[in-house]
Amino acid sequence: MDKKFNFQELQAIVATLRGENGCPWDKSQTHESLKLYTLEEAYEVNQAVTDLTKTGDCANLKEELGDLLFQVLLQSQVAEDNGEFAIEDVIDGVARKMIHRHPHVFAGRHYDSVEQQQADWEKLKSQEEGHKQTSLKEEIALVPESFPALIRGQKIAKKAAAAGMFSTEDEDVFKDLLTSVVNLQLGTAGEDPEKKFSSDEELSEKLGEVLFALCRFCAKYKVSGEMALLKKLEEF
């Protein structure tokens, strides 16, 4: 087939799949039932990027991006069928968001550094509907619970640090990380019986403290803990 389909034609295909004479499986899908497929496709896109870096072959990335795009269109079609919104609303929303958050590109604003631009990005984001929060608790509630723990932990650590919950000074970040590691060592392999963990629950709690200290470290130095671990695992 030599013809190249465009976005509108793919949109029409998705609508037909969910139409009166469409596919029973597609017609039966809901926002909730599609969550797993959307997540799987996002992970497969990430894997395709890794493969591209290793092999230079972009064919799989092209395919996986298409599969992820299909999920976006399918979720949007479900929403349109439910009278919630349409794909045009999705496109309009993200276009307005990008224009609003890039005044240095679309409105002539000047920044002296990337750090200044990023700080203004967060300020502009906080002005948008759905992001206007008044407390750290509300800020943390915006971090999706479905995120992998390292990603969620790092985002929460960043918000907590910005709110002044703990110090972001180099010495303090390292001190807290090392302290949590020492406490873990004393509770598992230390010689003092009084400092030994009395249960798996206590061990799990102290390990969680180490991992969150690492999340704080990653947030401080602006490195993705998730990607760092994935890269290390690729060595095996």
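How far apart do the C-alpha centres of domain 1 and domain 2 lie? The legends below start with that separation and then move in on the pockets, the cavity and two single residues of this predicted model.

**Figure 1. The whole chain, with domain 1 and domain 2 picked out.** The answer to the opening question is 34 Å, taken between the C-alpha centres of the two domains. The domain assignment puts domain 1 at residues 7-99 and domain 2 at residues 135-234. Helices do the work here: the protein chain has twelve of them and zero strands. Read along the sequence, that gives the pattern α-α-α-α-α-α-α-α-α-α-α-α. The C-alpha atoms fill a box of roughly 70 × 45 × 40 Å along the principal axes. A compact globule of 236 residues would have a radius of gyration near 18 Å, whereas this chain comes in at 23 Å. As for burial, 22% of the 236 residues count as buried.

**Figure 2. The stretch that carries the UniProt domain annotation, residues 29-106.** The label in the record is "domain: NTP pyrophosphohydrolase MazG-like", and it comes from an unreviewed UniProt entry. Within the model, residues 29-106 are 81% helix and 0% strand. From one end of the span to the other, the C-alpha atoms lie 39 Å apart.

**Figure 3. The largest pocket, at about 1,200 Å³.** Its lining takes in 34 residues. If you want to find the middle, look for Glu-122, Lys-155, Lys-158, Lys-159 and Ala-162, which lie nearest the centre of this pocket. Four helices each supply at least two lining residues: H7 (114-127), H8 (136-141), H9 (149-162) and H11 (200-221). Which of them gives the largest share? That would be H9, with eight residues of the lining. Sorted by class, the lining of the largest pocket has 15 nonpolar, twelve charged and seven polar residues.

**Figure 4. The second largest pocket, with lining residues from both domain 1 and domain 2.** About 720 Å³ of space lies in this one. There are 22 residues in the lining, and Leu-39, Ala-42, Tyr-43, Asn-46 and Leu-230 lie nearest the centre. Helix H3 (35-55) and helix H12 (225-233) are the elements that give two or more residues to the lining. H3 gives the most, with eleven residues. Domain 1 (7-99) and domain 2 (135-234) each put in at least three residues. By class, the lining of the second largest pocket splits into ten nonpolar, seven polar and five charged residues.

**Figure 5. The largest cavity, enclosed by seven named residues: Gln-11, Val-14, Leu-73, Ser-76, Gln-77, Glu-80 and Ile-87.** How many cavities of 30 Å³ or more does the count come to? The count comes to one. The largest cavity has a volume of about 30 Å³. Helix H1 (7-17) and helix H4 (59-81) are the elements that give two or more residues to its lining. H4 gives the most, with four residues. By class, the lining of this cavity has three nonpolar, three polar and one charged residues.

**Figure 6. Ser-76, a residue of helix H4.** Ser-76 is also one of the residues that line the largest cavity. Is Ser-76 buried or exposed? Its relative accessibility is 4%, and buried means under 20%, so Ser-76 counts as buried. For a sense of reach, pick out Leu-52 as well: the two residues are 24 apart along the chain, and their C-alpha atoms are separated by 29 Å.

**Figure 7. Lys-97, a residue of helix H5 (residues 87-101).** Why does Lys-97 count as partly exposed? Its relative accessibility is 32%, and partly exposed covers the range between the 20% cut-off for buried and the 50% cut-off for exposed, so that is the class Lys-97 gets. The view also takes in Lys-125, which is 28 residues away along the chain. Between the C-alpha atoms of Lys-97 and Lys-125 the separation is 8.4 Å.

Note on methods. Residues are numbered from 1 along each chain as its sequence is written. This is a predicted model: local features need pLDDT of at least 70, side-chain atom pairs count only at pLDDT 80 or more; totals for chains, interfaces and linings use all residues. Side-chain values use heavy atoms; hydrogens and water are left out. On a 1 Å grid over the protein atoms alone, a cavity is a set of points where a 1.4 Å probe fits but cannot get out, and a pocket is an open set with protein on both sides within 12 Å along at least five of seven lines; lining residues have an atom within 4 Å of a point. Grid points are joined across faces, edges and corners, and a volume is the space filled by probe spheres set on the points. Ala, Val, Leu, Ile, Met, Phe, Trp, Tyr, Cys and Pro count as nonpolar, Asp, Glu, Lys and Arg as charged, and the others, Gly among them, as polar. Domain bounds come from an automatic or database domain assignment. UniProt positions are given in the numbering used here, feature names are shortened, and annotations may be inferred rather than shown by experiment. Buried means under 20% relative accessible area, exposed over 50%, partly exposed in between (1.4 Å probe, protein chains only). The radius of gyration is taken over C-alpha atoms; the globule rule is 2.2 Å times the number of residues to the power 0.38.
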